[in-house]
Structures are given as C-alpha cells and as structure tokens.
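Here is a short briefing for a reader who is meeting this structure for the first time. Please look over the sequence and the model before reading on.

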Amino acid sequence: MEAEYKIADFLDTHRLQKLQDNFSQTMRIALVVVDAAGLPVTRPSGFSDFCARYRQNPDQAERCHACDNAGGRAAMQARKPVIYRCCCGMVEFAVPVVINEHYLGAFIAGQARVEAEKAKTIPCILPNRPRRKITPSLKRFHQAIPITPYRRFELLAETLLHMASCLVEQAWATTIQRELHKKERQLTRELRRRVETEKLLHEAEFKALSYQLNPHFLFNVLNTIGRLAFLEEAPRTEAMVHDFSDMMRYLLRKNNHAVITLEQDIHYVNSYMAVQKVRMPDRFTYLCAIPEKYYGVACPFLTLQPLAENFFNYVVEPREIPAVLHIRATDDGRDLIIEVSDNGDGIAQQTITQILSGPQDNKQGIGIRNIMQRLQLLFGDAYGLEIFSAHRPMMGTTIKLRFPLQPQS
C-alpha cells in the first residue's frame with residue numbers, strides 16, 4: 001500500500017539518526033532507514049567496509065537501493081521482519097514502518113554472513129537478477145566480515161521490530177493529538193468569529209429599530225406627508241418622502257437569514273443617495289452601473305449602504321470640491337465582483353491594515369469590518385472585501401467586494 005505521507009512527517013530524522021547509531025553500535029550490526037522507494041532517509045550506521053565501498057559505484061548503489069526497497073515491501077506484506085540475501089549475497093533483514101495501514105519505509109539491517117549451511121536456505125530478495133560477482137579488490141573486504149550466528153540474527157530482527165513498533169505507535173498518537181488540537185483551535189476560532197459576526201449583524205440589521213418606532217405609525221405619517229406634498233405641488237418633497245419610506249421598509253424588514261437579493265440592496269442605496277441628493281444637490285455625483293443580470297445574486301443585508309455612508313463622512317463633507325461615487329459590477333464566471341470607488345484623498349496602507357485586521361473593539365472601520373465578516377460567515381473565507389488606495393489627493397479609494405454568483409449548497 002502506497003504511503004500518503006513521507007516517513008519524515010512522522011519520525012524526527014535527527015532523533016532517528018541518534019537511535020539508529022546507538023542501536024548499530026550496541027548490537028554491532030549495520031543499519032539504515034529507507035523511505036517507501038528504498039532510498040535512505042538516514043546516514044548509514046555501522047556499514048561494513050565492503051558495503052560502503054560497494055555503494056560508491058552509482059550503478060551498484062542503485063542495485064543496493066533496489067534490494068532495500070524489495071526487502072522493505074516484502075516485510076510490509078508479511079507484517080513482520082523478513083530475512084533475505086542481497087544482490088551481493090550478504091544476509092540482511094527488513095523491518096517495516098507502517099502507520100495506519102500505510103507503508104512509509106523500513107529499517108534495513110544486517111550486511112552479515114551466517115553459517116554456510118544456513119545461508120543456502122535464505123532466499124535472494126531479487127531472484128530474477130543475477131548475483132553480482134565480487135571484484136578482486138573488494139573480495140578481501142567481503143571475507144573480513146565476521147560470521148554472525150543465525151539465531152542472533154533472528155533475535156536482532158525481533159528486537160528492532162519491537163523498537164520500531166513503539167516508535168510508530170508513539171508517532172501516530174502524537175499525530176492524532178496534534179490534528180485534534182488543530183481542529184479544536186479551528187473550531188474555537190470559528191465559534192468566536194460566528195458569535196462576533198452575529199453580534200455585528202444584529203447591530204447592523206436592527207440599527208433603525210433602536211428608536212422603537214411603531215412601523216405602522218411611521219408609514220402612516222410618511223404617507224400623509226407625501227400626500228400633502230402632492231396636493232401642495234411639491235414634487236421634490238414627495239420624492240424624498242417616498243425614498244425615505246422605502247429605506248424604512250428595508251431597515252424594518254425581518255430577515256432571519258440576513259440574506260437578501262442584490263436588487264433589494266441596490267434599491268436601498270439608491271433611495272439613500274436620493275435623500276442625500278436633496279440635502280446636498282451640488283456636492284456629489286452618484287453613478288451605479290450594475291447590470292440587471294446580477295440582481296438575483298444573494299447579498300448580506302445592509303452591505304452597500306455603509307460604504308455609501310463612509311463616502312459622505314470621509315469624502316463629501318470634509319471637502320468643498322465635488323465628489324464622485326461610482327458602483328460597478330463584473331464577474332469572473334464564478335463570483336460577482338462589485339467595486340465601490342470614490343475620488344477622495346485615499347487611505348494610508350497602515351490604516352487599511354488596521355481596518356481589515358484590527359481588534360474588534362477598534363471603532364475605526366467597524367462598518368467595513370462588519371461587511372467583510374458577514375460575507376465570510378455566509379459564503380466562506382474565500383469571500384469578503386479588499387481595499388485599494390494610492391493615498392494621494394483625488395486618487396480615491398476602491399473597495400472590492402466578492403460574492404458567489406450561484407447560491408452555495
């Protein structure tokens with residue numbers, strides 16, 4: 001079975017190296033840890049002069065790696081240590097490293113010679129490959145390797161199996177605890193964000209209700225004023241009353257899911273801007289270029305109006321020169337992008353950072369932060385808003401909002 005992770009993801013290679021060196025020195029046996037492809041992840045410990053010199057040749061080293069890979073996978077299938085002969089006839093054993101049914105690699109140990117009669121019964125790990133002849137220059141190093149009793153060889157394999165099992169079980173338990181802790185932190189952050197966002201949502205949604213006005217009484221008064229304006233031939237007053245009445249209907253609406261259509265939010269902003277136009281007819285120009293094909297897109301309650309309100313607070317009122325607010329919309333095939341731009345003096349980058357990621361008790365930019373958090377709560381972290389500004393006179397600020405075009409399942 002192929003590994004989903006690398007062995008180094010579970011076992012610290014620095015500590016593994018120390019453990020390997022100590023085991024090799026104490027037990028007087030060669031040892032190396034290989035990955036799922038048979039390639040070493042630790043430096044060899046206790047390698048014989050013969051094997052060390054043999055692996056200096058790249059072609060010969062490749063054959064050794066192939067033996068290590070085959071030995072580790074044979075041990076994986078057997079679920080226990082496997083003793084075999086390598087391509088040079090040396091006796092070795094492989095202990096599999098398995099985590100949650102995934103093969104990550106193996107401990108390869110040995111490089112020994114055993115009793116001649118016993119050696120004949122040990123199979124080659126690569127039976128289809130001819131055994132390599134040992135060159136005369138390496139033969140004396142091969143003969144210098146001492147004979148290890150086969151029974152001692154078996155005991156070493158069992159000992160290493162128990163040691164590897166303890167390491168793997170500890171590593172797996174640590175991984176599970178780390179993942180659980182990570183998910184717990186994520187859940188805590190999500191719950192905290194949800195509570196904070198719902199608080200901001202209620203503040204925005206019921207802003208107009210703080211006066212505890214009776215809706216029927218309010219609309220009766222507004223309709224009476226509108227009727228008087230019509231009878232007295234005051235069309236501007238009549239239009240302003242109707243616009244304000246539409247705004248109140250929007251704000252006093254009960255919406256348990258806090259989601260409306262973009263068309264409803266645009267209509268509210270248009271009414272808001274119409275009322276402001278009566279107050280300040282020559283101070284600003286308002287342009288809204290949102291195609292009707294986007295009107296059905298889901299939108300959080302009270303999204304665009306706080307941005308329009310900021311336009312008056314920070315662009316129109318502080319200056320004497322005419323201001324411009326432009327709202328436009330495009331899409332990228334998956335998401336709707338709305339840009340709200342003005343021609344003010346812009347915002348410093350440090351201020352932008354404080355607005356988008358500042359503490360919740362920081363009142364600066366609370367309306368923008370409110371919008372961003374509600375977008376992320378309703379649609380996910382991929383959505384929200386961005387602020388772009390050159391922070392230069394008349395260069396303005398652009399706020400870019402992103403919504404999913406289609407309702408999310």
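The points below go from the overall picture to cavities, cysteines, one helix and two backbone angles.

This is a predicted model. The protein has 409 residues, and 43% of them count as buried. Its secondary structure comes to 12 helices and 11 strands.

**Confidence and overall fold**

- The mean pLDDT of the protein is 81. A value of 70 or more is reached by 82% of the residues.
- Residues 208-214 have a pLDDT below 50. Beyond near neighbours in sequence, this stretch has three contacts in the model.
- Take the contacts in the protein with a separation of 6 or more: 68% of them join residues 24 or more positions apart.

**The largest cavity**

- Searching the whole structure turns up two cavities of 30 Å³ or more.
- The largest cavity has a volume of about 80 Å³.
- It is lined by 13 residues. Closest to the centre of this cavity are Cys 51, Arg 55, Cys 64, Cys 86 and Glu 92.
- Two helices, H2 (49-54) and H3 (58-78), each give at least two residues to the lining of the largest cavity.
- By class, the lining of the largest cavity has nine nonpolar residues, one polar and three charged.

**The second largest cavity**

- The second largest cavity holds about 30 Å³ of space.
- Its lining consists of Val 32, Phe 47, Arg 55, Glu 92, Ile 108, Ala 109, Gly 110 and Gln 111.
- Strand S4 (residues 102-112) supplies the largest share of this lining, with four residues.
- The lining of the second largest cavity divides into four nonpolar, two polar and two charged residues.
- Arg 55 and Glu 92 appear in the lining of both cavities.

**Cysteines**

- A disulfide is a covalent bond between the sulfur atoms of two cysteines.
- How many disulfides does the model have? The count is zero.
- Cys 124 is one example of a cysteine in no disulfide. The nearest cysteine sulfur belongs to Cys 86, 8.5 Å away. A disulfide needs the two sulfur atoms within 2.5 Å, so this pair does not count.
- Cys 124 is partly exposed, at 32% relative accessibility.
- Cys 166 is exposed, and its relative accessible area is 51%.
- Cys 64 lies in helix H3. Is Cys 64 buried or exposed? Its relative accessibility is 10%, so Cys 64 counts as buried.
- Cys 64 touches Tyr 54 and Arg 55, leaving aside neighbours within four places in sequence.
- Cys 87 sits in the loop between strand S2 (82-85) and strand S3 (91-99). With a relative accessible area of 7%, Cys 87 is buried.
- Cys 64 and Cys 87 are 23 residues apart in sequence. Their C-alpha atoms are 7.1 Å apart in space.
- Arg 63 is 24 residues from Cys 87 in sequence. The C-alpha to C-alpha distance for Arg 63 and Cys 87 is 7.2 Å.

**Helix H10**

- Helix H10 spans residues 305-316.
- Which residues of H10 are buried? They are Gln 305, Pro 306, Leu 307, Ala 308, Phe 311, Phe 312, Val 315 and Val 316.
- Helices and strands both help to cover these buried residues. The helices include H9 (262-279) and H12 (366-379).
- The strands include S6 (284-289), S8 (323-331), S9 (335-342) and S11 (397-404).

**Positive phi angles**

- Most residues other than glycine have a negative phi.
- Arg 28 is not a glycine, yet its phi is positive, near 55°. Arg 28 is placed in the loop between helix H1 (13-27) and strand S1 (30-35).
- Arg 28 has 66% relative accessibility, so this residue counts as exposed.
- Leu 302 also has a positive phi, of about 60°, although it is not a glycine. Leu 302 is found in the loop between strand S7 (298-300) and H10.
- At 5% relative accessibility, Leu 302 is buried.

Notes. Residues numbered from 1 in each chain as written. Predicted model: local features only at pLDDT ≥ 70, side-chain atom pairs only at ≥ 80, totals over all residues. Heavy atoms only, no water. Buried < 20%, exposed > 50% of the residue type's maximum accessible area, 1.4 Å probe, protein only. Contact = heavy atoms within 4.5 Å. pLDDT = per-residue confidence, 0-100. 1 Å grid on protein atoms, 1.4 Å probe; cavity = no way out; pocket = protein on both sides within 12 Å on 5 of 7 lines; lining within 4 Å. Points joined across faces, edges and corners; volume = space filled by probe spheres on them. Nonpolar A, V, L, I, M, F, W, Y, C, P; charged D, E, K, R; others polar.
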